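Q: Hi! I'd like to talk through a structure with you, starting with any empty space inside. Can you help me get going?

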Amino acid sequence: MESYSYILDIALILISTKLCGLISRRCQMPQVVGALFAGLILGPAVLNIVHETEFLTQLAEIGVILLMFFAGLETDISELKHSGKASLVTAILGIIVPLVGGFLVAMYFNRQGIMIFGDSSSVFLQNIFIGTILTATSVSITVETLKEMGKLNSKVGNTILGAAIIDDILGIIALTIVISFSDPNVNIAEVLMKIFLFFIFAAISCGIFYIIFKNWLDKDAKHKRRYVIAVFAFCLFLSYISETYFGVADITGAFIAGLTLSPLSKKYYIEEKLDTVSYAFLAPIFFASIGLKVVLPNMSVVVLLFAVVLTMVAVISKVIGCGLGCKLFKYTNRESLQVGIGMVSRGEVALIVANKGFSAGLINTTVLAPILIVVIATTILSPILLKMSYTYKTKWEKSELNSIDLNMGAIKDTEF
């Protein structure tokens, strides 16, 4: 008999993410935090009534693709160009600092007498790989948080998006280099060539689609629904090609697809129609799916301590690295902090990197649990800290605002 349990799973996810989202909003937190907790509650970590399946995983993947497409669609290209250099330096420092931090933490715990990684024949590579995992960035959570606050198309938002795309490319290169030392079949030159060819392919295909949209679809005012179908299909096509044939993350292809259409006036109509599908169906499944991955394993005190220290370093290293990159381009302290926090979330990207290392024999099952804790902790902390960075005002800022209010009141009294 065919099972229809997936229908109940989806219903439970949609209801719980909405309820938890409303509760988190009441607590002055982004609704995405509630959606993440909904997945934790439904999943193996708490109630154990909804489990991760291939079907839910595939729906979640389409959900994150759509989120990144919206991020590209709402991006101001001129502002993105303006923050290009800052994004590049931010991404580079946002990789170097976590890489060093993760390596040092791993080096301390992966030594004679402790050796939680198992195999002692490739200690240096194991330690480097832990640092490589910390270089990962998943901005899908940040995108949703900034969008909710109306800050996505801003100086900080564009810097985060630009840095995240560069971070993704540099992360692939770093991962390939590390794995190549343990697997001689991996060719670094081939990976770099694929990345280069992807951007050529993306430029050509996006140019062709833009011309078609501008000269054919855009003039058909009677059948606007064709816009949405054609655009969504193009987004999925570019995401598939980037991941399958070029080894570049599918969300990068989705972002570029959205960026291609961002100058068009019809983007608001497209976003309005697709946002309904994303908000009501795909996005809740994606956010909940992160929580569904959490399984609380039995961990020794040393492994638990390793997880806690690694999580702290994961947060601090991104904030310092990315924040320092922004300060070099004269961003304010608050803006630098916001960019750093926006790059903290590791999400599904770190899980993919960890899985690659596990397949290559660089880490064992004991280390997977701490990595999962890092992923969940950074994913939940990132939107909370980002909201606080926008709403919290220092004593100096409060005094400045009070003095402005007093001066405005004095001016009004004088005019009266």
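A: Happy to! The largest cavity holds about 70 Å³ of space. Keep in mind that this is a predicted model.

Q: Which residues line the largest cavity?
A: Its lining is made up of M68, T137, V139, A164, I165, D168, I251, T252 and V349.

Q: And which elements give two or more residues to that lining?
A: Those are α8, which covers 155-182, and α11, which covers 250-261. The largest share comes from α8, with three residues.

Q: What kinds of residues are they: how many nonpolar, polar and charged?
A: The lining of the largest cavity has six nonpolar residues, two polar ones and one charged one.

Q: OK, zooming out. How many cavities of 30 Å³ or more turn up in the whole structure?
A: The search finds two. The second largest has a volume of about 40 Å³.

Q: What lines that second largest one?
A: You'll find L36, L40, I290, G291, I376, T379 and I380 around the second largest cavity. The elements giving two or more residues to this lining are α2 (31-42), α12 (267-292) and α16 (365-391).

Q: Which of them gives the most?
A: That's α16, with three residues.

Q: How does that lining divide by residue type?
A: Five residues are nonpolar and two are polar, with no charged residues in the lining of the second largest cavity.

Q: Great, new topic: helices. How do people describe two that pack together?
A: Packed helices are described by the angle between their axes and by the distance between those axes.

Q: Let's try that on α13 and α14. What are the angle and distance?
A: Helix α13 spans residues 301-327 and helix α14 spans residues 333-342. Their axes come within 7 Å and cross at roughly 135 degrees.

Q: So what do we call that arrangement of α13 and α14?
A: With a crossing of roughly 135 degrees, α13 and α14 are therefore oblique to each other.

Q: Is the crossing of α13 and α14 left-handed or right-handed?
A: The α13 and α14 crossing is right-handed.

Q: Which residues make the contact?
A: On the α13 side, K318, V319, C322, G323, C326 and K327 take part. From α14 come N333, S336, L337, V339, G340 and I341.

Q: Last one: how do the residues of that contact divide?
A: The contact of α13 with α14 involves six nonpolar residues, four polar and two charged.

Note on methods
Residues are numbered from 1 along each chain as its sequence is written. This is a predicted model: local features need pLDDT of at least 70, side-chain atom pairs count only at pLDDT 80 or more; totals for chains, interfaces and linings use all residues. Side-chain values use heavy atoms; hydrogens and water are left out. On a 1 Å grid over the protein atoms alone, a cavity is a set of points where a 1.4 Å probe fits but cannot get out, and a pocket is an open set with protein on both sides within 12 Å along at least five of seven lines; lining residues have an atom within 4 Å of a point. Grid points are joined across faces, edges and corners, and a volume is the space filled by probe spheres set on the points. Helices (H or I, at least four residues) and strands (E, at least two) are DSSP runs, numbered from the N terminus. Ala, Val, Leu, Ile, Met, Phe, Trp, Tyr, Cys and Pro count as nonpolar, Asp, Glu, Lys and Arg as charged, and the others, Gly among them, as polar. Axes are lines fitted to C-alpha atoms, for helices over the stretch in contact, and angles run from 0 to 180 degrees between N-to-C directions. Angles under 35 degrees count as roughly parallel, over 145 as roughly antiparallel, 65 to 115 as roughly perpendicular and the rest as oblique. A crossing is left-handed if the near helix is turned anticlockwise from the far one by less than a right angle, and right-handed if clockwise. Contact means heavy atoms within 4.5 Å.
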